[in-house]
Amino acid sequence: MKIILLGPPGAGKGTQAAMLMDKFSIPQISTGDMLRAAVRNQSPMGTKAKEFMDAGGLVPDEVVVGIVRERLQLDDCHNGFILDGFPRTVAQADALKEVLAELDQNLDCVVSLEVDTEALVERLTGRRSCSSCGRGFHVKYDPPAADGTCLACGGTLLQRDDDQEETIRNRMQVYHEQTAPLEDYYREQGLLQVVNGMQDMKAVQQSILTLLQGC
Ligand code: AP5
Ligand code: MG
Ligand code: ZN
């Protein structure tokens, strides 16, 4: 199964990708997670990317396309993958098409998660993630342990640097200007499937699994 998860910041791409990864035993390829790892490692690429990420803007296409091109060539992608947060521009989508053609692969489905703007802000301001194992939480919808630590490993929970309200607003605007056009891009290719992302996490997963049966 070769899937793209499309949707605005906070739509639930990471949450659903984690569930699909377990279900189908295929890797989640999150450009956001890979860029944050590069920032943590203070690589030259990470240091440059951080400026764009902190402002809620997009990291240049050639950087992100390079990361994904390398990642898709690894053996664990042969049976499928879940792209989470990539592509985000028409140029990235065109580049992905070329990379997949080189690898003799095709996309099965593009799942677009639709969520109201107010719900997105609530999801992002309430999001926490474990500094040790990376598991994600939400203070209201997927709460951590009573003492505020990670339910899985007891680790300390952190808030993402870009989950501040002003940055969230920038990210939303960037999404509408640069990423939302991909809905039409993939609709025209007959690949787009829209899911109501306002349902609870399990219901969203069920909707995705049901539609994937037809892909
Ligand atoms: P990225 O990390 O991709 O961030 P994003 O697209 O803004 O999306 P998020 O990760 O914030 O949201 P999500 O949809 O994964 O939601 P989640 O499942 O966590 O990118 C970050 C930055 O990196 C970008 O701004 C850019 O600078 C750069 N970047 C990354 N990719 C790039 C690219 N391709 N090109 C250029 N630059 C790039 O859910 C959010 C919260 O809601 C969680 O707390 C969760 O528990 C909760 N939740 C989830 N589902 C539900 C539900 N159904 N009901 C209630 N709560 C829910
Ligand atoms: Mg995410
Ligand atoms: Zn943990």
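## The five-stranded sheet

Two strands count as paired if DSSP finds at least two bridges between them. With that in hand, the main features of this predicted model can be laid out.

One sheet is open and has five strands. Their order is β2-β3-β1-β4-β8, and the pairing is parallel. The edges are formed by β2 (28-30) and β8 (192-196), each of which pairs on one side only. On average, neighbouring strands of this sheet are turned by 25 degrees against each other, direction ignored.

Strands β1 and β4 stand next to each other in that order. Strand β1 covers residues 2-6, and β4 covers residues 109-114. Four bridges join the two strands in the parallel sense. Ile4 stands opposite Val110 in β4.

## The three-stranded sheet and its helix

Another open sheet has three strands. Here the order is β6-β5-β7, and the pairing is antiparallel. Strands β6 and β7 are the edges, each pairing on one side only. Between β5 and β7, which run antiparallel, there are two bridges. Ser129 has Leu158 in β7 as its bridge partner.

A helix packs on this sheet. The helix is α6, made of residues 117-125, and it touches β5 and β6. The direction of α6 makes about 35 degrees with that of β5.

## The zinc site

Which residues hold the zinc ion (ligand 3)? Four cysteines supply the protein donors: Cys130, Cys133, Cys150 and Cys153, each through its SG atom. These donors lie 2.2 to 2.4 Å from the zinc ion. Along the chain they follow the spacing C-x2-C-x16-C-x2-C. Cys130 and Cys150 link distant parts of the chain, 20 residues apart. Cys130 sits in strand β5 (residues 127-130), while Cys150 sits in the loop between β6 (136-138) and β7 (157-158).

The angles among the four donor atoms run from 98 to 117 degrees. Four donors count as tetrahedral if all angles lie between 85 and 135 degrees, so this site is tetrahedral. The ideal angle for four tetrahedral donors is 109.5 degrees.

Are Cys130 and Cys150 buried or exposed? The cut-off for buried is under 20% relative accessible area. Cys130 is at 6%, so it counts as buried. Cys150 is at 3%, so it is buried too.

## Asp142 in the β6-β7 loop

The loop between β6 and β7 also holds Asp142. Leaving aside residues up to four places away in sequence, Asp142 touches Arg135, Gly136, Phe137 and Met201. Ser132 is 10 residues from Asp142 along the chain. Their C-alpha atoms are separated by 18 Å.

## One aromatic pair

How many aromatic pairs does a search of the whole structure find? The search finds one. A pair of this kind is described by the distance of the centres and the angle of the planes. The partners are Tyr185 and Tyr186. Their rings are 4.9 Å apart, centre to centre, with 80 degrees between the planes. The arrangement is edge-to-face. Both Tyr185 and Tyr186 are buried.

## Backbone exceptions

Most residues other than glycine have a negative phi, and most peptide bonds are trans. Some places in this model depart from that pattern.

A cis peptide bond joins Phe86 and Pro87, with omega at about -5 degrees. Pro87 belongs to the loop between β3 (81-84) and α5 (90-102).

Gln42 has a positive phi, near 55 degrees. Its place is the loop between α2 (31-40) and α3 (44-54). The cut-off for exposed is over 50% relative accessible area. Gln42 reaches 66%, so it counts as exposed. Asp104 has a positive phi as well, near 60 degrees. Asp104 lies in the loop between α5 and β4. At 72% relative accessible area, Asp104 is exposed.

## Gln105, beside Asp104

Gln105 is also found in the loop between α5 and β4. Is Gln105 buried or exposed? Its relative accessible area is 11%, so Gln105 is buried. Its neighbour Asp104, by contrast, is exposed. Not counting residues up to four places away in sequence, Gln105 touches Lys2, Cys77, His78, Phe81 and Leu100. Among these, Lys2 belongs to strand β1 (residues 2-6), and Phe81 belongs to β3 (81-84).

Note on methods: Residues numbered from 1 in each chain as written. Chains lettered and ligands numbered in written order. Predicted model: local features only at pLDDT ≥ 70, side-chain atom pairs only at ≥ 80, totals over all residues. Heavy atoms only, no water. Donors = N, O, S within 2.8 Å, 3.2 Å for Na, K, Ca; no water. Tetrahedral: all angles 85-135°; square planar, octahedral: opposite > 155°, others 65-115°. Buried < 20%, exposed > 50% of the residue type's maximum accessible area, 1.4 Å probe, protein only. Phe/Tyr/Trp six-rings, centres within 6.5 Å; stacked < 30°, edge-to-face > 60°. Axes fitted to C-alpha atoms, helices over the stretch in contact; angles between N-to-C directions. Contact = heavy atoms within 4.5 Å.
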